[in-house]
Amino acid sequence: ITQTTRDILRAFRDMGFQVYEGPDVELDVYNFELLNIPPEHPARSMQDTFYIDDRLLGMRPPGASMDELPPAILRTHTSPNQIRMMRKIAPPTRLVVPGKCYRSEATDASHEAYFSQIEGLAVDKHITLADLKGTLAAFARAIFGSSRKVRFRCDYFPYVEPGVDLAIDCIVCDGSGCRACKHTGWLEIMGAGMIHPQVLVN
């Protein structure tokens, strides 16, 4: 995991991104609400997590009393850093944030309560979906080989619009179909998208 993280960060650094870190223990408002995931949103149940007794941590927004503390959780994704970093760094911004994530998952061959994730973010004038696709294709080829084929498909995430997933041709069977790629010839490696306008406002 450490070596893979270093390789990924190096690929993004080579494209001009800076590396930042964010907290593992996160306020619910950053993890969910400011990313267009209100309390009644179905993504809350899909990303069920571990809650922290925030009275012990002293986490509170400016001006709030200890009785008004918002819920604190172990973050379910590294996406809260979109809000945190955009509030700290004025555009133009190009950054990646590696980190641990936690979900109250029923563990199986492809799910665990702890996993590593890396969030990427670019904010500037005139950035388009074409820039995103070009950056991610360059990343995939830097990590998985220069001859890798890439595929983008529409996907949904509350904090991006439009959303896409990125897949590469299977590195086990070279796209001919096997158990690793569920006989599709493709391995999905990430979700992505243009930052949702409301998240930019937040």
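Let me start with Arg 103, which in this predicted model is buried, since its relative accessible area comes to 16% and the cut-off for calling a residue buried is under 20%. Arg 103 sits in the loop that runs between strand 5 and strand 6, and from there its side chain reaches the backbone oxygen of Thr 76 at 2.9 Å.

The two strands on either side of that loop come up again when we turn to the second largest pocket, where strand 5 (93-102) and strand 6 (114-123), together with helix 1 (2-13), are the elements that give two or more residues to the lining. That pocket holds about 310 Å³ of space, and of the 16 residues that line it, the ones nearest its centre are Thr 5, Pro 98, Gly 99, Lys 100 and Ser 116. As for the character of the lining, its residues divide into six polar, five nonpolar and five charged.

My last residue is Asn 36, found in the loop between helix 2 (28-31) and helix 3 (43-46). Is Asn 36 buried or exposed? With a relative accessible area of 18%, Asn 36 is buried, because that value falls under the 20% cut-off. Its side chain reaches the backbone oxygen of Pro 158 at 3.1 Å, and Pro 158 is also one of the residues that Asn 36 touches once those up to four places away in sequence are left out, the others being His 41, His 196, Gln 198, Val 199 and Asn 202.

To put the two loop residues side by side, the side chain of Arg 103 reaches the backbone oxygen of Thr 76, while that of Asn 36 reaches the backbone oxygen of Pro 158.

Key. Residues are numbered from 1 along each chain as its sequence is written. This is a predicted model: local features need pLDDT of at least 70, side-chain atom pairs count only at pLDDT 80 or more; totals for chains, interfaces and linings use all residues. Side-chain values use heavy atoms; hydrogens and water are left out. On a 1 Å grid over the protein atoms alone, a cavity is a set of points where a 1.4 Å probe fits but cannot get out, and a pocket is an open set with protein on both sides within 12 Å along at least five of seven lines; lining residues have an atom within 4 Å of a point. Grid points are joined across faces, edges and corners, and a volume is the space filled by probe spheres set on the points. Helices (H or I, at least four residues) and strands (E, at least two) are DSSP runs, numbered from the N terminus. Ala, Val, Leu, Ile, Met, Phe, Trp, Tyr, Cys and Pro count as nonpolar, Asp, Glu, Lys and Arg as charged, and the others, Gly among them, as polar. Buried means under 20% relative accessible area, exposed over 50%, partly exposed in between (1.4 Å probe, protein chains only). A polar contact is a pair of N or O atoms within 3.5 Å; within protein, one must be able to donate a hydrogen and the other to accept it, and residues adjacent in sequence count only if both atoms are side-chain atoms. Contact means heavy atoms within 4.5 Å.
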